[in-house]
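Work through the exercises below with the sequence and the structure at hand. Try each task before reading its solution.

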Amino acid sequence: MNKPVPPDELVADEDGPLYAPRKKVFPQSVSGRFRSIKWRLMAVCLGVYYLLPFVRWHRGLGAPDQAVLIDFPNRRFYFFFIELWPQEIYYFTGLLVLAALALFLMNALGGRIWCGYLCPQTVWTDLFYAVERLVEGDRRAQIKADAGPMTAKRAGRRVLKHTIWLMIAWWTGGAWVLYFADAPTLVRDLATFQAPAVAHVWIAMLTASTYSLAGYMREQVCVYMCPWPRIQAALTDEWALNVTYKYDRGEPRCSVKKAFDIRALGEKAGDCIDCNQCVAVCPTGIDIRDGAQLGCIQCGLCIDACDAVMSKVSRKTGLIGYDNDINVQRRIAGKEEIFKPVRARTVVYAGLITVVCAVMLYALMSRTLLDVNVLHDRNPIAVRLSDGAARNGYTLRFLNKRGFDRVIAIDVDGPADAKLHVIGADSVTPDRPMIVLPRDTTTEMRVLVTAPFDEKAEKSVPVTFRVTDIGLGEVASATDHFVLP
Amino acid sequence: MSEHDEIDRVSGRSTTGHEWDGIKELNTPLPRWWVLTFYATIIWAIGYWAVYPAWPLVSGYTTGLFHYSTRASVATDLADLEKLRGQKMAVLGNASLANIEKDPVLLALARARGKTVFADNCAPCHGSGGAGAKGYPNLNDDDWLWGGSLDQIMQTIQFGARSGHAKTHEGQMLAFGRDGILKKDEIVTVANYVRSLSGLSTAPKFDAAAGEKIFTENCTSCHGDAGKGNQELGAPNLTDKIWLYGSDEETLIETITNGRAGVMPAWVGRLDPVTVKALAVYVHSLGGGK
C-alpha cells in the first residue's frame with residue numbers, strides 16, 4: 001500500500017525522462033478457477049464471433065437466409081426473426097442504453113469483470129499471449145531470450161509467432177466482413193480471388209488493428225486509451241467486489257521459515273510469502289498488493305496464482321480474492337465480513353435494465369409491418385377548382401415490411417364530403433382506391449383530397465388517411481391538415 | 001531543479017504545478033509509443049502534401065501525385081448517374097403517356113424526373129410546386145388555357161405559348177381600349193358583365209343588356225357565346241372561379257383595355273424528348289390533369 005510520506009522525508013525527485021519506455025510484460029501461465037472461466041468465456045466469445053455468420057435462417061424466397069446480416073446495399077439489418085429498416089435505428093439506441101446499464105451493474109457487483117473476461121481487447125490479447133507462450137516458452141524462457149542475443153532458433157520462433165498472430169488477425173478481419181454479405185458466397189469469392197475490393201480493404205484494416213492491438217498495444221490500450229477505467233472509477237462504490245489483496249491477512253510479508261519463527265514468538269506474521277507469483281502472472285504487469293489501481297483489469301489470474309502457492313505452503317487460500325476494503329477493515333477490527341450485492345445502486349441498475357428491456361420488447365412486439373406517412377403539398381397549400389371546390393395535395397409514403405406483395409385500400413377522414421383521388425390508382429376502384437404495395441419496400445403515391453368550399457368552414461381541419469390491408473386486415477394511419485384556399 | 005519543484009506527498013513525485021480545486025497533476029512522462037504516434041501523424045500529414053492538392057502557387061496549385069480533384073470525381077459520378085438513368089429513361093421513352101400513368105413504377109420514375117426538371121426550369125414562373133402566380137397559371141387546378149390532357153400538356157411544354165416557335169400556341173387577347181375598339185364606359189360595362197358570368201357582384205348602375213351586347217359583338221369569337229372559353233385559342237373560361245390575372249373590376253378593365261399575351265417558351269430542343277414526357281406526366285399528376 002502507498003503510505004503518505006511525512007513532509008520532512010520529502011525529497012525533490014529528478015524530473016526524469018520526458019518519455020517513458022514501455023515496461024515489458026511477460027505474464028506467466030497459470031491454472032485455476034478463474035483461468036478456466038476465462039478459457040471457457042474466450043471459447044464462447046470467439047466461437048460466436050467466428051461462426052455466427054454461417055448460421056442460416058430461412059426467410060422465404062427473395063430474402064437472405066443468413067441469421068445475422070447487415071445488408072448495406074439494400075439497407076436492411078437481419079437478426080434471426082427480426083428485420084430492421086434504417087428508420088428503426090432507435091432499436092440500436094435501446095441496445096446501447098442496455099449495454100451501458102449492464103456494464104454499470106456488472107461494475108457495481110464485481111468491478112471491472114467486463115474488462116477482465118469479456119472485453120474483445122482482453123479476449124484477443126489473452127489468445128495472443130497463449131500463442132506466444134506456446135511458441136516462445138513461458139515467462140522465464142521469454143525473459144531469458146529477450147535479454148540474450150538473437151539466435152537463429154529464436155528468430156525462427158519469433159517468425160512463427162508472428163505468422164500465427166497474423167493468421168488469427170486475418171481470420172478476425174475475415175469473419176468481420178462475413179457479417180455484411182452472404183457468408184458462404186463471400187468465403188468462396190475470397191478463396192477464388194473474386195471478392196470485391198472493399199472486402200479486402202476491411203479485412204486488411206481489421207487484420208492490422210487486431211495484430212497491433214492484441215500483439216503490441218495490449219495493456220497499453222487498457223491503461224492509456226480506454227475511457228472505461230476512468231468512468232468506472234467514478235461509478236464504483238465501496239461495496240463493489242474488486243480483486244483485492246487482503247493485507248489484513250498478508251502483512252507483514254515474510255518467508256515461510258521466518259513466519260514460523262516469528263509466530264513461535266507469539267508475534268504477527270502475514271500469510272504473504274512475497275513469492276511475487278501474483279505479479280508474474282499479471283497480464284498488465286502490476287502488483288495487486290499496491291491496492292486497487294487503474295492498471296488492474298480484474299481478471300482474477302493473480303487469485304489463481306496465489307491460491308496455488310497458498311495450497312503448496314498449506315495455508316488457507318483466498319489471500320487475494322474478490323473482496324472490498326470494508327471487509328478488510330472489518331476483519332482488522334475483528335468483525336464479521338459482510339457482502340451487500342443488493343443495495344440502492346444495484347437495485348436501480350437492475351430496475352432500469354428491466355424497464356429498458358420491457359420497453360424494447362414492447363416496441364418490438366407492437367412494431368407495425370404496415371405503415372404510412374403523409375406530407376402535405378407546400379406550393380400550393382390549397383387549390384381552388386373551377387367549380388369552386390377546395391383541394392389539397394398530399395404525398396403518401398407506404399411501408400410494406402412484409403416479405404410479400406399486398407393490396408391495400410385507402411380511406412380518408414376529414415372535411416365533410418371529402419373525396420379521395422389517388423394518382424395512378426383510381427381507374428380500377430374509384431370509390432375506394434386500392435393499390436398494390438410491393439414486398440419489403442416503400443411506395444410513394446400522390447393523393448388529392450377534394451371538398452366543397454364553404455366560406456364559413458374552419459380554415460384548417462384535420463384529415464386522416466387510413467390504410468387497410470385487404471388480406472390481413474392490418475391497419476395504419478397518418479394525420480395531416482386540410483386547408484381551405 | 002526545474003519549475004517542477006513541488007512534490008506530491010503521497011507519491012513522493014514532482015507535480016506539473018497545475019492545480020484544479022486543490023487537485024494537482026503528477027508530472028508523469030508520456031508513454032514513448034504515444035510520442036512516436038504523434039510524430040508519425042506529422043509525417044503522415046506531410047505525405048498528404050505530396051499525394052493530394054495542397055499548396056497554392058502563383059497561377060494554380062500543386063496537384064499531388066495522382067492529380068486528385070473532387071470536381072473531377074463529381075463529374076465522373078454524374079456521368080455514371082446519367083448512364084444509370086439512361087437505361088431507365090429508355091423504358092420511359094418507349095412507353096406511351098397513358099401507359100406511364102397506369103404503371104406505378106413508371107409513374108414514380110416520371111414524377112421523380114419531372115419534379116427535378118420542373119424545379120430547374122419551370123419553377124421561376126409557375127412556382128416550385130406549380131402553384132402559379134398572377135399571369136402564370138396554377139398547374140394544380142382543373143382550369144386549362146390550352147388543354148389539360150396528357151397530350152395537350154406535352155404539346156404546350158414542347159412548343160410553348162406565343163413563343164415564336166412555328167408550332168406554338170397562338171391567340172391574342174386584344175387591347176380593346178388602347179386600340180380604340182371600345183370606349184372607356186363600354187369597357188366598364190363589359191367588365192361588369194364578365195363578372196356577372198361567374199356570379200360575382202356588379203356595379204349598382206350596371207346595364208346587363210348593354211354588357212351582353214358588347215360581349216356578343218366583341219368577345220364571343222374567342223371566349224364563346226356563354227363565355228366558356230376556347231382552348232384552341234387559349235381563351236380562358238370566364239364563368240368559373242379561377243382567374244389568371246384577377247376578377248376584380250379594376251383588373252378586368254385593365255385586361256380589356258390593354259389585352260393580355262402571356263408567353264411560355266418552347267422547351268423542345270432545350271429538354272430532351274424523354275424529359276419532356278416525364279415533365280408532362282408530372283404536371284398532369286399535380287392534380288388538374290384531364
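**Exercise 1.** In this predicted model, find what share of the residues of chain B count as buried, and set the radius of gyration of chain B against that of a compact globule.

*Solution.*
1. A residue is buried if 20 or more other C-beta atoms lie within 10 Å of its own. Of the 290 residues in chain B, 28% count as buried.
2. For a compact globule of 290 residues, the radius of gyration would be near 19 Å, whereas chain B has 35 Å.
3. Along the principal axes, the C-alpha atoms of chain B fill a box of roughly 115 × 50 × 45 Å.
4. Next come the contacts in chain B with a separation of 6 or more: 55% of them join residues 24 or more positions apart.
5. The secondary structure of chain B consists of eleven helices and five strands.

**Exercise 2.** Compare the span of helix α8 of chain A with the expected one, then explain why its buried residues lie on the same side.

*Solution.*
1. Helix α8(A) runs over residues 197-217, which is 21 residues. From first C-alpha to last it reaches 28 Å, close to the 30 Å expected at 1.5 Å a residue.
2. The buried residues in α8(A) are A:Ile203, A:Thr207, A:Thr210, A:Tyr211, A:Ala214 and A:Gly215.
3. These residues cover an arc of only 95 degrees around the axis, so they are on the same side of α8(A).
4. The general rule is that an α-helix has 3.6 residues a turn, so residues three or four places apart point the same way.
5. The cover over the buried residues of α8(A) includes α4 (120-136) and α6 (152-178) of chain A.
6. On the other side of α8(A), the exposed residues are A:Ala197, A:Val198, A:Val201, A:Ala204 and A:Met205.
7. After α8(A) comes A:Arg218, with a positive phi near 40 degrees.

**Exercise 3.** Give the order of the four strands in the open sheet of chain A, and say which strands stand at the edges.

*Solution.*
1. The order is β12-β10-β14-β15, with antiparallel pairing.
2. β12 (434-437) and β15 (475-483) of chain A stand at the edges, because each has a single partner strand. One side of each is therefore left without a neighbour in the sheet.
3. From one strand to the next, the twist averages 30 degrees.
4. The pairings can now be listed:

| Strands of chain A | Bridges | Residues facing each other |
|---|---|---|
| β10 (406-413) and β12 | four | A:Val407 and A:Val436 |
| β10 and β14 | six | A:Ala409 and A:Thr468 |
| β14 (460-469) and β15 | nine | A:Val461 and A:Phe482 |

Note on methods: Residues numbered from 1 in each chain as written. Chains lettered and ligands numbered in written order. Predicted model: local features only at pLDDT ≥ 70, side-chain atom pairs only at ≥ 80, totals over all residues. Helix = DSSP H or I, 4+ residues; strand = E, 2+ residues; numbered from the N terminus. Expected span 1.5 Å × (residues − 1). Buried ≥ 20, exposed ≤ 12 C-beta atoms within 10 Å, placed from the backbone. Arc of directions from axis to C-beta. Contact = placed C-beta atoms within 7 Å. Pairing = 2+ DSSP bridges. Axes fitted to C-alpha atoms, helices over the stretch in contact; angles between N-to-C directions. Rg over C-alpha atoms; globule rule 2.2 N^0.38 Å.
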